[in-house]
Amino acid sequence: MSHTMSHTTLPRTDLAGQAERTARTSTAPAARMTDSHPAAAPVLEPDPEPVPTPDPALATATDPGQLAIWPASTVPLPEDDLALGGVPLTELADRFGTPAYILDEDEVRSRCRTYLRAFPDADVYYAAKAFLCRAMAHWVAEEGLGLDVCSAGELELAVTTGFPPERIVLHGNAKSPADLRAALRLGVGRIVIDSTSEIARLAAAVPVGSRQKVLIRVVPGIAAGGHAKIRTGTDDQKFGLSLADGSAQHAVTRVLGQPRLELVGLHCHLGSQITAVKPYLSAVRRLVGLLARVHEQHGITLPELDLGGGHGVAYRPGEPALDIAGLATKIRAELAGGCAAAGLPVPRLAVEPGRAIAGPSGVVLYRVLAVKRTGAHTFVAVDGGMSDNPRPALYGVRYAPRLVGRRSAAATEPVTVVGRHCEAGDILASDVHLPGDIRPGDLLAVPVAGAYHLSMASGYNLVGRPPVVAVTSGHARLLVRRESLADIQERDIGL
């Protein structure tokens, strides 16, 4: 794999500056990190306090700042409709039905370019687990990013779309034999070693006379992320090899003993929805320490350092988001200083954003099916739910749904937006303010819905997964069709 990716520039309007308006960060003070030794106890970096993120260029006079988390192409229309990519949301709902995911192609491309500008001398891999379809793989490839995949399915879809396999990294804490066979057959650029048991298995699968480039995923003992279930930089979860107990160093020794494996660097992923820079700087310090020990013990200099992703975004107005430009500047400075002190050359840096590219680029549309007032609670039930977005049930994520396509003079009231599924926990948004006259047939739009929604969708209650529609320059096109009852029945072949 070449260290330099081809950054193709297309004749499109660069919206990165507008997209960056939605990626504001808090300046609230954070707890001091402790990095005196790589084996130190996990350090919990508290998320900064939310700060207002008004966006006068997009806000309406009656709704200040509410569109700050929407794609930069969002434009208010009469009757409280919104246009995304030049297409009214009501038109999209009528044409494609609901639920439906709308993906702003220009926002995706703009966010890719924002990363390339922030990390000009690094490899940027889009994390396919956030959301992947053929069009998404195509956009990412055209913008010059690599791809981070976690299965043979993601890998095969990307490569058959034309994505260069040498620009792909394969992850996974429990890669199946099929995953490894596909990676070797298709020629992926990197495979990330996640456990010592994987080393011999992978080496045995590499064809005679060839070598596979690998990275070792290191657990640095740093707790960061928006929820305990998505913090992966500590020793109490399933990913990676620990610095604290020596597993990472042992893995280095074992990989170096395999002639069919070429160890090219270290990898680390702290978690997801991280909005502070300090955890990444702490990880750099600890990983540079390991690079130094590898050089001292084995006499080799590893040329690559992959810091993963997990870059947080704002799901509701006023929430913080990770400052990508600031992150890049501080990481480069920390890495250069640490390597200079250790007498090492600066390794090639890599990052793996997923949510920060796909999340704010997507909007999901729902129709209200029922409104139920029970005591002091109002429940607004829609035609989707946890089958197309399990994140609120899994992590307690909070969203900001909006009524579109109908102007209401009613005062807003706190409501709970719920799904149609047979679970009390099927809640899409709790304690949100919608007009008091909300009624069946109304259209709700939920921003920041492009990541970890459809990619985590299930077949619960056999309702079928929603379609994905791309918008750009006033045009809409179907990327992924709605899953039909016929699709579901065709898989059921037994009786």
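Start with the whole chain on screen: its secondary structure comes to 13 helices and 23 strands. Keep in mind that this is a predicted model. Of the 495 residues, 56% count as buried. If you look at contacts in the chain with a separation of 6 or more, residues 24 or more positions apart account for 71% of them.

**Stop 1: Glu 105 and Arg 477**

Select Glu 105 and Arg 477 and show their side chains. They meet in a salt bridge, 3.3 Å from N to O. Glu 105 sits in helix α3 (residues 105–118) and Arg 477 in strand β23 (residues 475–480), so this pair ties together parts that are 372 residues apart in sequence. Is Glu 105 buried or exposed? Glu 105 is buried, at a relative accessible area of 2%. Its partner Arg 477 has 37% relative accessibility and counts as partly exposed.

**Stop 2: along α3 to Arg 109**

Stay on helix α3 and pick Arg 109, then add Glu 142. Here is another salt bridge, with the closest N and O atoms 2.8 Å apart. This pair links distant parts of the chain, since Arg 109 is in helix α3 and Glu 142 in helix α4, 33 residues apart. Arg 109 is buried, with a relative accessible area of 2%, while Glu 142 is partly exposed at 23%.

Now widen the selection to Glu 105, Arg 109, Arg 113, Glu 142, Glu 143 and Arg 477. What links these residues? They are joined in a network of salt bridges. Across the structure there are 19 salt bridges.

**Stop 3: helix α4**

Glu 142 brings you to helix α4, so colour residues 134–142. Which residues of α4 are buried? The buried ones are Ala 135, Met 136, Ala 137, Trp 139, Val 140 and Ala 141. While you look along the helix, remember that residues three or four places apart in an α-helix point the same way, because there are 3.6 residues a turn. Then step just past the end of α4 to Gly 144, which takes a positive phi of about 95 degrees.

**Stop 4: two aromatic pairs**

Next, switch on the aromatic side chains. The structure has two aromatic pairs. Select Tyr 115 and Phe 119: their ring centres are 6.4 Å apart and their planes lie at 10 degrees, so the pair is stacked. Tyr 115 and Phe 119 are both buried.

For the other pair, go to Tyr 315 and Tyr 399. These rings are edge-to-face, 5.4 Å centre to centre with 80 degrees between the planes. Tyr 315 lies in the loop between β14 (304–306) and α10 (324–342), and Tyr 399 in the loop between α12 (391–395) and β18 (402–404), so the pair ties together parts that are 84 residues apart in sequence. Tyr 315 counts as buried at 3% relative accessibility, and Tyr 399 is buried too, at 2%.

**Stop 5: Gly 312**

Don't leave that loop yet. Gly 312 also has its place between β14 and α10. Gly 312 is buried, with a relative accessible area of 4%. Which residues does Gly 312 touch, not counting those up to four places away in sequence? They are Gln 273, Ile 274, Thr 275, Ala 321 and Leu 322. Try a distance label from Gly 312 to Arg 355 as well: the two are 43 residues apart in sequence and 7.4 Å apart in space, C-alpha to C-alpha.

**Stop 6: helices α7 and α8**

Hide the side chains and display helix α7 (residues 196–205) with helix α8 (residues 247–256). Their axes come within 10 Å and cross at roughly 10 degrees. That makes α7 roughly parallel to α8, because angles under 35 degrees count that way. Bring back the side chains where the helices touch: Thr 196, Ile 199 and Ala 200 in α7 meet His 250, Ala 251, Arg 254 and Val 255 in α8. By class, that contact has four nonpolar, two polar and one charged residues.

**Last stop: Arg 465 and Glu 483**

Finish with Arg 465 and Glu 483, whose side chains meet in a salt bridge at 3.0 Å, N to O. Both ends are in loops: Arg 465 between β21 (443–447) and β22 (468–472), and Glu 483 between β23 and α13 (485–491). The two residues are 18 apart in sequence. Arg 465 is partly exposed, with a relative accessible area of 37%. Glu 483, at 18% relative accessibility, counts as buried, because the cut-off for buried is under 20%.

Definitions and conventions. Residues numbered from 1 in each chain as written. Predicted model: local features only at pLDDT ≥ 70, side-chain atom pairs only at ≥ 80, totals over all residues. Heavy atoms only, no water. Buried < 20%, exposed > 50% of the residue type's maximum accessible area, 1.4 Å probe, protein only. Helix = DSSP H or I, 4+ residues; strand = E, 2+ residues; numbered from the N terminus. Salt bridge = Lys/Arg side-chain N within 4 Å of Asp/Glu carboxyl O. Axes fitted to C-alpha atoms, helices over the stretch in contact; angles between N-to-C directions. Parallel < 35°, antiparallel > 145°, perpendicular 65-115°, else oblique. Contact = heavy atoms within 4.5 Å. Nonpolar A, V, L, I, M, F, W, Y, C, P; charged D, E, K, R; others polar. Phe/Tyr/Trp six-rings, centres within 6.5 Å; stacked < 30°, edge-to-face > 60°.
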